[in-house]
There are 4 protein chains.
Amino acid sequence: MSEDGSGVAAGLRESWLGAPQDQPPDKEWDDRLREECGVFGIIGYPEAAAFTALGLHALQHRGQEAAGIVTYDGQQFHTERRLGLVGDNFNKPEVLGHLKGSIAAGHVRYSTTGATILRNAQPLFADLGTGGFAVAHNGNLTNAKTLRKQLVKDGAIFQSTTDTEVVLHLISRSQKRRIVERLVEALRQLEGSYALVCLTNDMLIGARDPVGIRPLVIGRLGDAYVLASETCALDIVGATFLREVENGEVVTITREGGLESHRPFPKRPARPCIFEYIYFARPDSIMAGRSVYEIRKRMGAELARETDCPAEVVIPIPDSGVPAAIGYSQAAGLPYELGIIRNHYVGRTFIEPSQKIRALGVKLKHSANHSVVRGKSIVLIDDSIVRGTTSKKIVAMMYEAGAREVHMRIACPEIKFGDYYGIDTPDRKQLISAQMTPEQVRDEIGATSLAFLSVDGLYRALGVESRDPKAPQYSDHCFTGDYPTELTDLNGDTSTIGTQLSLLSDVG
Amino acid sequence: MSEDGSGVAAGLRESWLGAPQDQPPDKEWDDRLREECGVFGIIGYPEAAAFTALGLHALQHRGQEAAGIVTYDGQQFHTERRLGLVGDNFNKPEVLGHLKGSIAAGHVRYSTTGATILRNAQPLFADLGTGGFAVAHNGNLTNAKTLRKQLVKDGAIFQSTTDTEVVLHLISRSQKRRIVERLVEALRQLEGSYALVCLTNDMLIGARDPVGIRPLVIGRLGDAYVLASETCALDIVGATFLREVENGEVVTITREGGLESHRPFPKRPARPCIFEYIYFARPDSIMAGRSVYEIRKRMGAELARETDCPAEVVIPIPDSGVPAAIGYSQAAGLPYELGIIRNHYVGRTFIEPSQKIRALGVKLKHSANHSVVRGKSIVLIDDSIVRGTTSKKIVAMMYEAGAREVHMRIACPEIKFGDYYGIDTPDRKQLISAQMTPEQVRDEIGATSLAFLSVDGLYRALGVESRDPKAPQYSDHCFTGDYPTELTDLNGDTSTIGTQLSLLSDVG
Amino acid sequence: MSEDGSGVAAGLRESWLGAPQDQPPDKEWDDRLREECGVFGIIGYPEAAAFTALGLHALQHRGQEAAGIVTYDGQQFHTERRLGLVGDNFNKPEVLGHLKGSIAAGHVRYSTTGATILRNAQPLFADLGTGGFAVAHNGNLTNAKTLRKQLVKDGAIFQSTTDTEVVLHLISRSQKRRIVERLVEALRQLEGSYALVCLTNDMLIGARDPVGIRPLVIGRLGDAYVLASETCALDIVGATFLREVENGEVVTITREGGLESHRPFPKRPARPCIFEYIYFARPDSIMAGRSVYEIRKRMGAELARETDCPAEVVIPIPDSGVPAAIGYSQAAGLPYELGIIRNHYVGRTFIEPSQKIRALGVKLKHSANHSVVRGKSIVLIDDSIVRGTTSKKIVAMMYEAGAREVHMRIACPEIKFGDYYGIDTPDRKQLISAQMTPEQVRDEIGATSLAFLSVDGLYRALGVESRDPKAPQYSDHCFTGDYPTELTDLNGDTSTIGTQLSLLSDVG
Amino acid sequence: MSEDGSGVAAGLRESWLGAPQDQPPDKEWDDRLREECGVFGIIGYPEAAAFTALGLHALQHRGQEAAGIVTYDGQQFHTERRLGLVGDNFNKPEVLGHLKGSIAAGHVRYSTTGATILRNAQPLFADLGTGGFAVAHNGNLTNAKTLRKQLVKDGAIFQSTTDTEVVLHLISRSQKRRIVERLVEALRQLEGSYALVCLTNDMLIGARDPVGIRPLVIGRLGDAYVLASETCALDIVGATFLREVENGEVVTITREGGLESHRPFPKRPARPCIFEYIYFARPDSIMAGRSVYEIRKRMGAELARETDCPAEVVIPIPDSGVPAAIGYSQAAGLPYELGIIRNHYVGRTFIEPSQKIRALGVKLKHSANHSVVRGKSIVLIDDSIVRGTTSKKIVAMMYEAGAREVHMRIACPEIKFGDYYGIDTPDRKQLISAQMTPEQVRDEIGATSLAFLSVDGLYRALGVESRDPKAPQYSDHCFTGDYPTELTDLNGDTSTIGTQLSLLSDVG
């Protein structure tokens, strides 16, 4: 889901009582792409909320800002939405205690907007007259602004600034009788990416957009069914993987009728987001039948093959570069060493008291392991470069620690285009590879050498011989500019990422 | 405004991050009728929010549970809504600081629902497509449930459980072009009581229901206009009283055009709520040209004339009985004495740790002043009796402190009927005078004698020779059962106060 | 007790985790003398802590900043100390629940220091080797600084900045065997005022300084004994008044042995603090056999006799002037009217957002009741004038509301000297009557006329024919400069109130 | 430092306002030895507090429960002590802002006691009459209880329950003139381990116990001097390593005089704590000239040599087993793989809602990476086994994920004895290797095979040919039972670890 700070055309700036318990991470020190959201649902299990909390905990890497759970206990819906980590909120009896019922849906959320407001937390809920309905959304709609404008004109009152609320109003206004029909009628008006978990008083619903950009899997736990963004959330609750919800599929699950599949869209080939494999998914998740960890090792191995260099040790940038570094080390036959130590206790909110200390920057989070680095030619492995700010600091830290040569190797291609499907990419002006050649980037970050994995190398790591330019097997637009859907709110102008659509695009 | 906990037919029970900072008062120890709400608005004054905070502070007696302010700064709307007292929240730079603009509307709220949720706090805001719109409501709609059901059926999504949101949806769905026309179209569908202060990006609007149940006055402060529930809110900001918004009147105020009056309803005589004079309004307010303090003194004087008794001292039940006791004392020629001391530091949340201590009950808030009471025949003055629970405890406390005789005198008639216009009256079964004769009440509370002011005595105190039964000059249905409006949601069955409509009626 | 911010000669400035829940009142708007503290103890009652909480609640007017309770359950001592009101803290099961035992001591505290730190909250506790010992102190030691300096030199480590900790160290270092002997040895070294309630594992101890400046009474509740600063705290728990602890008396109470009296000091006449009668004690308390309320009425009556004036109505400055105003009204035969309405909801922290609003000042707390004041010659009654700042604002407010003449009458003499015994008096430069004649004060506050009760009038109200200049019956040094004890820490220089001793003197 | 919950002989149980912001970790899921504390000091640097915060942040792994900083600004001492992480507290202007001065001392603390009370947080401060004095302590005194008893008998009042306060009282009572002499007089009475950083108004002092159990290093930053537990804290502030404070050495540093060394104890060989190398120190720290990371890799390599086994992959238990696993992998020539994924977002407070979910246990923190483990014979590397509870769960998780064989290899010898020098070792009954043979442990945890590094292998990894049984080069008593100091409080009975001395021993 995304939120549109300016979506309220009238421009309401709202403050909210609850101060965020967890500040958004400092952008400059933490130069990563940001997912997005995670969704989870369960039907037919007595302690549905507790298991949903566990599932969301396993999906916490997909969003740390807010979490929410909705349940239905046979008579009433219950909901809790909190800022902060699942494990800091949904472990307390006073929170879990009243989330009664054997059917539940949950959501974890990441957002980049300065002021995180609780009312944007999900699942969203509405009384549809025919009954209650909750929706949790991972993804981003590329025509939300356009739809919202029309809905407001027709008298709808929006309470959040998320694109997800558009879905709710479309359903609410549908004149169809059955909830699935109302949902399908709404989905047909959407454009962009979505993996939805919805809840009614007797049904759990999963839906994935026509090209299946964001992931959604189905699991079984005894008689119960589980929906989750990744298989790691099935593992934690002890559920077994059944299959993925397919692109363009809507599944409805009831206690009596079990799982039913609906295909409201014309059949199209899937194009799942390639960044799930590169960075977002947890390494122990299985996606499309493949281990994410093994794929990342293969990216490292392909990288070694394509860009090998005469270094003495392989050093991962923790933690994102670790699997690729292991793969690189094994393929290149070079020793793998912890040349950078990560401080796990870094508060998300460590703000430096003065300019002098600010310069220390990256050291709050990472420190050089001098004994490994001193006097060596090293190859540093990272999964990606976004702005290049952290890379620059880490390269400098390596030299400071005595490195002779610092060869930077990136386990994905150059990121040149923004994403509009739930990944928080910065303005194109800030994407270093959209502005500079690899040589310029190398000079900017100060490395001895720099190389990226090729697009084909990436596809090979994914087990595909090569990218089909006419029908790309993945959503790889950040590297190629080849977007899988219409971008109505943008009016086709992707050069202006971060301007026209900035508020819609900056959250997933 | 009122809130309908069950209004969401789907039955969502929601928890909210922010714990109430101020618990609702303990009903048993504090046997008062509960107002309701207070509204305030200002246009044309640079520090609009700061003055609105002051105005709301002066109206704090009308609602202590939550407060909110919306402003418009020429470009953007800003809003802050907080649980707790105005003076505990709207004094801080981080709250007031960003409430920029020279036009503002505010609200203080009282609610009896167990869980006070911030999203029921007002003013409510909506983006109407044509611009932002905020509404603050004092009163209660008696057809809100019926209207809400239809709106939900038509696809509206409700986010709060207040009746006020119905108004917002009616406006939002109006196809009229001008905001006043949209508002009027909405008002025409309403039934019940309302004093509204609304805000757009260039206009402040005040509106009062066709019989003017809840109060609303207009003041001037230099070039600025002020709207407020009572004149005491004009006094605190230094505004001068201009006139009341009349029953059935809608006033619009713009910076350029000044004040314009609209009369969208057929002309009817006003019937303002008589309880404003008896209990709700602040004694220093002027209502319909009369000092509330003086009227209360006259109620005491009428009471002395009608029900005088051979006591030695006049003792007010603090603080509500004070003005009537002074009037009684002066009319009866008996000394006025502080026989009961009020503890101002009583936490609203003092919960007794055991049954033994519970019995101490009323002593946490009041204590007997033995030296005044011992050996005396006293006359205790209170403004009203609702359930009789506090009266019983205070009479007992007086005897315990050595009183010889305890004559109870009540400065209003017997409360026999519920209110549906914004006063929190208990279920009729709990209204002691709906269940018992005065003699039975006297016995129940243990007084030597008990007498109530007559309805005509009350009218005389208000300067009216006598009540006109065909066209009563006030909304006095709590004494007479003569309701000033339709009660659609109730289906005409007022015997069941607190059941069918309970959730709508319990908040003002 | 007092606290010495600079007492730690080394000058430690400490911050504390817990933010004050209740800010100290704004000095300028609330121009009162500030008490000081309240103490309470009970032995032989099963729910000792719950009753102590009730007793402290009844003593809340003596200190609103912090409260603490210590209990002993036969095996272990338990303690809770909290910032804020008793009723906001000591009502919760998680606080009261573990304060087990049938013996308890408690304390409420007022402090003027900017940063209220929890470690200055009382009762203080120490392990004396021979067992635990807790002390709660009302009063102020006038040689605490001198004693502390010597104790630190001898190796004592102070943890709080209160004078009370000096008592604890003196006891701790005593080589006597029995705890009473150790306490007496400590008391013999003290100078100034104290009413102490102490607790050991089998004994409750009460002690009052040689001239009995601060009050302490003994009550019985079945088999249990109670100690409290005022009788109103006996009333709330249902205890009956037994007698006062006399000046210079130490009482020890055990479950087996009952109450034992000790007189470690040479016999001297008592000189109780006269301000307890004027302002500090609750009106329903009985002191030295006299009702505080009746005495205040008599002060008003004496004031009428001494300083009557041709006004039309008598108006109290709420709430402190109310009893004297009733007495004045009855003696002068003038009607008593509420010409000033107090807003009970004023947050203690209402801070005005701008200079313009600041000017509104006093209106946040008080408002003029125009209908009473307009066109009248009024007599305003207050209990005292300290700096004169509030008086000036209220007089102005009366004129603004239309008063023709404003006659100010003060129910106590001119305050010309500081207190060093637990009352927070400002620097002498700020005491308006130490700097100006009554005529000058009248002009400064803008009243038509101004008169104070004479010292002899005050003594007459107290039932004493006249003040004995050689052996004054009360501690009346604030009017007369005749201090009842040595002032060692001051080196005899009382002209410099608020400078040398400022940090010791500003808290009681 | 340690704290003695029962040290107050009188048995005071105290609650404290500030609820711990960070609960102590769940023992069962997190079966590690617990350090202890970290200390830091700086003199001669303008922003002393900010740098101390950075230094403490780098030492956060040594204690996450509380942190404190004391500074002196030339006129006044300032202190802040907070529960929770450095980066969550000492980053705020309102905290750092007033910690003025160019001299500072700080402390991070770990404690196992249920109720963490702020008053046990360090540095402790006392006014010594001659000036202020602050002390921060890493280590544990083995005669603190005995000394405390005598001090209380002599009139000392203890305010915390830490052993460190004993040091303060000994200094406070010393009759020597100079502060170093007073400190030395105190140190001579101590027994056990300590690395101290002390602060006066013109001096920074470092001290290490006679055998140098806990570490302390000296660094230079321009003209400023730094003291810190580990070199990683020098690195973060950009200081260069000068030398270690030697065992039995006291160093005093003034701005004018620079560093002076004192040797108040008879010369003895050092015996630093061997667990710093195994587990506590950060891998990038240099201790006694050796890289901790390299030593851990050598432990892994020695382990491979001593206990190699026919597995297919080497899997570290994250994060503590990582360096040893890399060393093992390189020495054994087996691939290093991430077979266990750690969830970094696990709230410290995740409490499972039901027994069923409790069984999921370890999965909240770790998950199996199926693709690596399935069908394989794996060797799991951990740094130590304490209770064996986590090992058992992880072994089970590996089998569940499809491992064919699970060979467990531990990079240190069997832990058979408790520590009394600042490491939180459990009761000997809970030390699995004190109760079982390796074969029994293997069966208990369910591994295919299990082997520990030998004591001599450990010494070899440390660069020592073999352990000298007459003069062991390290404090290795947890493996050998050979304690480096007297254990007075224990009366020589080390069989009862965790009983007699439990409260003193459980915190470092």
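Here are some short exercises with worked solutions on this predicted model.

**Exercise 1. Work out the strand order and the edges of the four-stranded open sheet in chain B.**

Start with the order. Walking across the sheet in chain B, you meet S18, S21, S22 and S24, and the pairing is parallel. Next, look for strands that pair on one side only: those are S18 (313-316) and S24 (449-452) of chain B, so they're the edge strands. Then check the twist. Neighbouring strands of this sheet are turned by 20 degrees against each other on average, direction ignored.

Now zoom in on one edge. S18(B) runs parallel to strand S21 (residues 377-382) of chain B, and four bridges join the two. To get your bearings there, find Ile315(B), which stands opposite Leu380(B) in S21(B).

**Exercise 2. Which strands of chain B does helix H15 lie across, and at what angle does H15 run to S24(B)?**

Pick out H15 of chain B at residues 438-445. Underneath you'll find strand S22 (405-410) and S24 of chain B. For the angle, compare H15(B) with S24(B): the helix runs at about 130 degrees to that strand.

**Exercise 3. Find the buried residues of helix H6 (residues 179-187) of chain B, and explain why they sit on the same side of the helix.**

First, list them: Ile179(B), Arg182(B), Leu183(B), Ala186(B) and Leu187(B). Second, look at how they spread around the axis. They cover an arc of only 135 degrees, which is why they end up on the same side of H6(B). Third, ask what they pack against. The partners in chain B are strand S8 (132-141), helix H5 (164-173), strand S9 (192-199), strand S10 (204-208) and strand S14 (250-254).

**Exercise 4. Describe how strand S3 (residues 37-43) of chain D is covered, and find its pairing partners.**

Begin with burial: seven of the seven residues of S3(D) are buried. Split them by direction next. Cys37(D), Val39(D), Gly41(D) and Ile43(D) point one way, while Gly38(D), Phe40(D) and Ile42(D) point the other way.

Then take the partners. Strand S6 (residues 103-109) of chain D runs antiparallel to S3(D), with seven bridges between them. Here Gly38(D) has Val108(D) as its bridge partner. Strand S12 (residues 224-228) of chain D is also antiparallel to S3(D), joined by four bridges. In that pairing, Gly41(D) stands opposite Leu227(D).

**Exercise 5. How many residues does each chain bring to the contact between chains A and D, and which element of chain A gives the most?**

Count the two sides: 50 residues come from chain A and 50 from chain D. Now scan chain A for elements that supply at least two residues; among them are helix H1 (48-58), helix H9 (292-307) and strand S20 (366-368). The top contributor is H10(A), with four residues. Finally, sort the chain A side by type, and you get 25 nonpolar, 17 polar and eight charged residues.

**Exercise 6. Characterise the contact between the two domains of chain A.**

Set the bounds: the domain assignment gives domain 1 (34-265) and domain 2 (291-505). Their C-alpha centres lie 32 Å apart. The contact takes 19 residues from domain 1 of chain A and 15 from domain 2 of chain A.

On the domain 1 side, strand S2 (34-35), strand S8 (132-141), helix H4 (144-153) and strand S9 (192-199) of chain A each supply at least two residues. By type, that side divides into three nonpolar, nine polar and seven charged residues.

Key: Residues numbered from 1 in each chain as written. Chains lettered and ligands numbered in written order. Predicted model: local features only at pLDDT ≥ 70, side-chain atom pairs only at ≥ 80, totals over all residues. Pairing = 2+ DSSP bridges. Axes fitted to C-alpha atoms, helices over the stretch in contact; angles between N-to-C directions. Contact = placed C-beta atoms within 7 Å. Nonpolar A, V, L, I, M, F, W, Y, C, P; charged D, E, K, R; others polar. Buried ≥ 20, exposed ≤ 12 C-beta atoms within 10 Å, placed from the backbone. Arc of directions from axis to C-beta. Domains from an automatic or database assignment.
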